[in-house]
Amino acid sequence: MNFLLNLFKKTTNYLEESYQNNDSFSPRLSIPLNIHPYAIKYRGKILTRNELEISNRQLDFLIRENYVRRLPSITKEGKTIKCMRCENINITFFAEIDCKKCLSKHLYCRVCIEMNRILACESLYYWHDQSIEFKHLKKSNYWQGKLTKNQEYGANQSINALENKTDLLIWAVTGSGKTELVFPVITEALKKGMRICIASPRTDVVKEFRLRIDSVFKKTSIAALYSGSDELQNNAQIIVTTNHQLLRFKRTFDLLIIDEVDAYPYASDSRLKEITKRSRKIQGTTIYLTATPNQALKIIPTVFIPKRYHGQPLIIPQIKYSYFLKKQLSEQKLPSDFINILKKREKPKRQLLIFVPTVQLSKDLKEEIINLLMEFKLINKKEEVATVHAADDNRNEKVIAFREHKLYCLITTTILERGVTFPSVDVIVVQADNEIFNSAALVQISGRAGRSPNDPKGDVYFMVNNNTRAIKECLKDIKHMNKLAKELIL
Ligand SMILES: [Zn+2]
Ligand SMILES: [Zn+2]
């Protein structure tokens, strides 16, 4: 570590003076017209020299006139080395490399290397001037639907939070329609010419959110940012993004909505939390959305939405104990309980969503599941069953095929635990006592059933060797929410 610190000192000494002088320029009175296109393209962004498409002469002018601030890419405070782009402070994620320009060795950050490597001798450029305002949109919301009383209550609380520049947690059960619930607060923010970010740890959720937002805020500039998106350069008024992509933003959003705030990897990654927090203006509002908040989130002022959109209660999972479950699964067999479930289902027409703890198990069980479904005449051909997991290239296609009823049964890892809605499914979790299924995951998985007003019921089964704390907590949570929903006057 000392070696890295010394290396840092050697490479950055000569830069320090120029950074320190940055704040001494007085702000200009108005923005020259020829700067406008750049200001719109780059405001609120932190970029490398290569990402700024302007000449050296222009850049010098912008820095001198205090539109753009030059920042070191890596800083050191005490013994802490920090990447100014991605907020990484874990020293094991810094490495060194020869610099051809300086003919010496430099540090670089390995965490954000996929966004182009940036060496300690290179600068970052932060377009901090945001004096060109977004339009104040009197009419922006083209949604035709109507909020339930519960949603309306959550929506009003969100608008209060926006007005008071405070934060809010919306604890809304699965299937309560939390996406629609934020339309009014976005509308209100657009009226004030504010800038809005909707962030989620999961690309699937970002894509889904983008579609919804597009259809409602038709005339507003919107960009979706995720790895592989062709809009990564787009600096729109509404940004829908994975938390990862926020490393190019700083202090620019007035309203930050974080969806699935308890999902992997955001929930356990302090660096992702840091860049997400950094993207919002110091005076602003953050709204956290989730069905399963962790303890840390519960200290934020909270609005409960315990009732589902259609008013019916959440489905309570049925636990099926099977002493030989583990052993049978290792022989690629399913216990008799699985067969009993197939026999006794109330509505065999409902599709089957089967969760398993590992990719391997999904493959091991596929054949056996096909045979059983054939035997019970639930499918005609084996192509009606598919497996899906995170690294599956055809993941999207399979989810669409399931939604379009081309598949009867989808065997999945936790990848489909949240962010997807199928109207009428029964859910079976094989080995729900596996440690991969924490209580939040089990609540989310159970929440896949009974989402449609046309079929608000559905069965959820947990197949286990043993009971676990996660299962107990999941059952307690679901029952508690159903009780709250019943007591609710709204
Ligand atoms: Zn970094
Ligand atoms: Zn260098």
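These legends go with a set of close-up views of a predicted model.

**Figure 1. The whole protein, before we zoom in.**
Start with the inventory: the protein has 14 helices and 20 strands. Its radius of gyration is 26 Å, close to the 23 Å that the globule rule gives for 490 residues, so the protein is as compact as a globular protein of that length. Along the principal axes, the C-alpha atoms fit in a box of roughly 75 × 55 × 40 Å. Of the 490 residues, 41% count as buried. If you look at contacts with a separation of 6 or more, 76% of them link residues 24 or more positions apart.

**Figure 2. The seven-stranded sheet.**
Seven strands line up here as an open sheet, in the order β10-β11-β9-β12-β13-β8-β14, and the pairing is parallel. At the edges you'll find β10 (222–225) and β14 (302–305), each of which pairs on one side only. From one strand to the next, the twist averages 15°. As a general reminder, strands of a sheet pair through backbone hydrogen bonds, either parallel or antiparallel.

**Figure 3. Strand β12 and its two partners.**
Now zoom in on β12 (residues 253–259), a mostly covered strand with six of its seven residues buried. One partner is β9 (residues 196–200), which runs parallel to β12 and is joined to it by four bridges. To find your way along this pair, look for Ile 196, which stands opposite Leu 255 in β12. The other pairing to look at is with β13 (residues 280–290), again in the parallel sense, over six bridges. Two handy landmarks there are Phe 253, whose bridge partner in β13 is Arg 280, and Leu 255, whose bridge partner in β13 is Thr 285.

**Figure 4. Helices packed on the seven-stranded sheet.**
Helix α6 (residues 183–191) packs on the sheet and touches β9, β12 and β13. The direction of α6 makes about 165° with that of β12. Helix α7 (residues 203–216) lies across β9, β10, β11 (238–242) and β12. Relative to β11, α7 runs at about 160°.

**Figure 5. A close look at Thr 166.**
Thr 166 sits in the loop between α4 (149–164) and β8 (168–172). Is this residue buried or exposed? Something in between: Thr 166 has 13 C-beta neighbours inside 10 Å, so it counts as partly exposed. Leaving aside residues up to four places away in sequence, Thr 166 touches Ala 161, Thr 285 and Pro 301. Thr 285 should ring a bell, as the bridge partner of Leu 255 in β13. For a sense of scale, the C-alpha atoms of Thr 166 and Val 111 are separated by 31 Å, and the two residues are 55 apart along the chain.

**Figure 6. The six-stranded sheet.**
Here six strands make an open sheet in the order β15-β20-β19-β16-β18-β17, with parallel pairing. β15 (318–321) and β17 stand at the edges with a single partner strand each, so one side of each is left without a neighbour in the sheet. Ignoring direction, neighbouring strands of this sheet are turned by 20° against each other on average. Helix α12 (residues 395–403) packs on the sheet, where it touches β16, β17 and β18. The direction of α12 makes about 140° with that of β17.

**Figure 7. Strand β15 beside β20.**
This view picks out the edge strand β15. Four bridges tie β15 to β20 (residues 460–464), and the two strands run parallel. A good place to start looking is Gln 318, which stands opposite Tyr 461 in β20.

**Figure 8. Helix α11, kink and all.**
Helix α11 (residues 359–375) has 17 residues. From its first C-alpha to its last, α11 reaches 25 Å, close to the 24 Å expected at 1.5 Å a residue. Where is the kink in α11 centred? Look at Lys 366, where α11 has a kink of about 40°. Ser 362, Leu 365 and Ile 369 are buried in this helix. The buried residues of α11 pack against β16 (351–355), β17 (385–388) and β18 (409–412). Those three strands belong to the six-stranded open sheet, and helix α12 touches them too. After α11 comes Lys 377, which has a positive phi, near 55°.

Terms used: Residues are numbered from 1 along each chain as its sequence is written. Chains are lettered from A and ligands numbered from 1 in the order in which they are written. This is a predicted model: local features need pLDDT of at least 70, side-chain atom pairs count only at pLDDT 80 or more; totals for chains, interfaces and linings use all residues. The radius of gyration is taken over C-alpha atoms; the globule rule is 2.2 Å times the number of residues to the power 0.38. A residue is buried if 20 or more other C-beta atoms lie within 10 Å of its own, exposed if 12 or fewer, and partly exposed in between; C-beta atoms are placed from the backbone. Two residues are in contact if their C-beta atoms, placed from the backbone, lie within 7 Å. The expected span of a helix is 1.5 Å times one less than its number of residues. The bend at a residue is the angle between axes fitted to the seven residues ending there and the seven starting there. Two strands pair if DSSP finds at least two bridges between them. Axes are lines fitted to C-alpha atoms, for helices over the stretch in contact, and angles run from 0 to 180 degrees between N-to-C directions.
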